[in-house]
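Hi everyone, thanks for coming. I'll walk you through one structure today, so have a look at the screen and we'll go piece by piece.

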Amino acid sequence: RMLVPILARWRAEAVGYKIRYVPSTLPDLLKGEEVISYEYGQHGGNVPAFRLEQAESRLAYSRRPETDLEVCSSIQALEGFARGQGIWDKLPLSSRKLQLSWMIALVDELYPTFRWFLYDGLVHYSAPVTIFGPSRAAVYIGNMYFVFNSTEHIRALTQHFDNLIRGAIVQPPDVPRLLQRLLKELEEEEMAKLREGGAAGRPAR
């Protein structure tokens, strides 16, 4: 739990500078409670509560007018979530719909101080990392962060992040439209299942 105030302090120290962030799955500040409980429920202890607190802290920071936050992730990670693939295969369709709706609202609310770029995961790769302006970078490796304070390391990670942005195939203003398309896919899938269920329940003629 000590990580929450530490991360908040690092963000506070970076006020006035751009924060660059590559998430491990979805951006933490966009995750709803159901997704956080699902993703971290098997970790035991206070991990889900810690992650929820971390997400709320990041969201509160992102709502400050002086915030400058760029996020990069692969389009496949987002599409895989929406379609219930990989680690999300047991997350109910209703929860994925709710999460997409929540993200649509937040991305619209937070733009342009929060900008989410999507790259092609077949072309680019990145480990999860947060770069706090020019003073610090933290690479996430699962249950801990490797923190870099040297100018050389921060510059190299910043260049890596900027390469992801240059390779982005979906720009921030277009992300809400993509989220809406994915949500529509789920709504159509849900309607198809309801129609199939209704047809199965009717007696044969």
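Start with Leu118: which residue is its bridge partner in S7? That would be Val170. Leu118 belongs to strand S3, residues 114-119, and two bridges join S3 to S7, with the two strands running antiparallel. Keep in mind that what you're looking at is a predicted model.

Now zoom out to the sheet those two strands sit in. Seven strands make up an open sheet, and if you walk across, the order goes S6-S5-S4-S1-S2-S3-S7, with mixed pairing. Which strands stand at the edges? On one side we have S6, residues 145-148, and on the other S7, residues 168-170. Each has a single partner strand, so one side of each has no neighbour in the sheet. From one strand to the next, the twist averages 25°.

Okay, on to the aromatics. Searching the whole structure turns up four aromatic pairs. One of them is Tyr38 with Trp88, and that pair is stacked, at 5.9 Å centre to centre with 25° between the planes. What I like here is where the partners come from. Tyr38 is in helix H2, while Trp88 is in the loop between helix H4 (75-82) and helix H5 (93-110), so to speak a link between distant parts of the chain, 50 residues apart.

Are these two buried or exposed? Tyr38 counts as partly exposed, at 25% relative accessibility, whereas Trp88 is buried, with a relative accessible area of 5%. Trp88 also pairs with Phe81, this time edge-to-face: 5.0 Å centre to centre and 85° between the planes. Phe81 is buried, and so is Trp88. Put the three together and Tyr38, Phe81 and Trp88 form one aromatic cluster.

While we're in helix H2, which covers residues 33-40, let me point out Ser37. Ser37 is partly exposed, with a relative accessible area of 37%. Ser37 and Arg51 are 14 residues apart in sequence, and their C-alpha atoms are 8.7 Å apart in space.

Back to Phe81 for a second, since Phe81 is one of the buried residues of H4. How much of H4 is buried? Six of its eight residues are, so the helix is largely enclosed by the rest of the structure. Along with Phe81, the buried ones are Ile75, Leu78, Glu79, Gly80 and Ala82. After H4 comes Gly84, which has a positive phi, near 70°.

One more ring contact, over at Tyr61. The charged end of Arg11 sits over the Tyr61 ring, 6.0 Å from its centre.

Last topic: empty space inside. How many cavities of 30 Å³ or more are there? The count comes to two. The largest cavity holds about 100 Å³ of space. It has 14 lining residues, and those closest to the centre are Tyr21, Arg58, Pro128, Tyr140 and Tyr145. As for which elements contribute, strand S1 (19-22), helix H3 (47-62), strand S4 (129-132) and strand S5 (136-140) each supply at least two residues of that lining. You've met S1, S4 and S5 already, as members of the seven-stranded sheet.

That's my tour, happy to take questions.

Definitions and conventions. Residues numbered from 1 in each chain as written. Predicted model: local features only at pLDDT ≥ 70, side-chain atom pairs only at ≥ 80, totals over all residues. Heavy atoms only, no water. Pairing = 2+ DSSP bridges. Helix = DSSP H or I, 4+ residues; strand = E, 2+ residues; numbered from the N terminus. Axes fitted to C-alpha atoms, helices over the stretch in contact; angles between N-to-C directions. Buried < 20%, exposed > 50% of the residue type's maximum accessible area, 1.4 Å probe, protein only. Phe/Tyr/Trp six-rings, centres within 6.5 Å; stacked < 30°, edge-to-face > 60°. Lys NZ or Arg CZ within 6 Å of the ring centre and 35° of its normal. 1 Å grid on protein atoms, 1.4 Å probe; cavity = no way out; pocket = protein on both sides within 12 Å on 5 of 7 lines; lining within 4 Å. Points joined across faces, edges and corners; volume = space filled by probe spheres on them.
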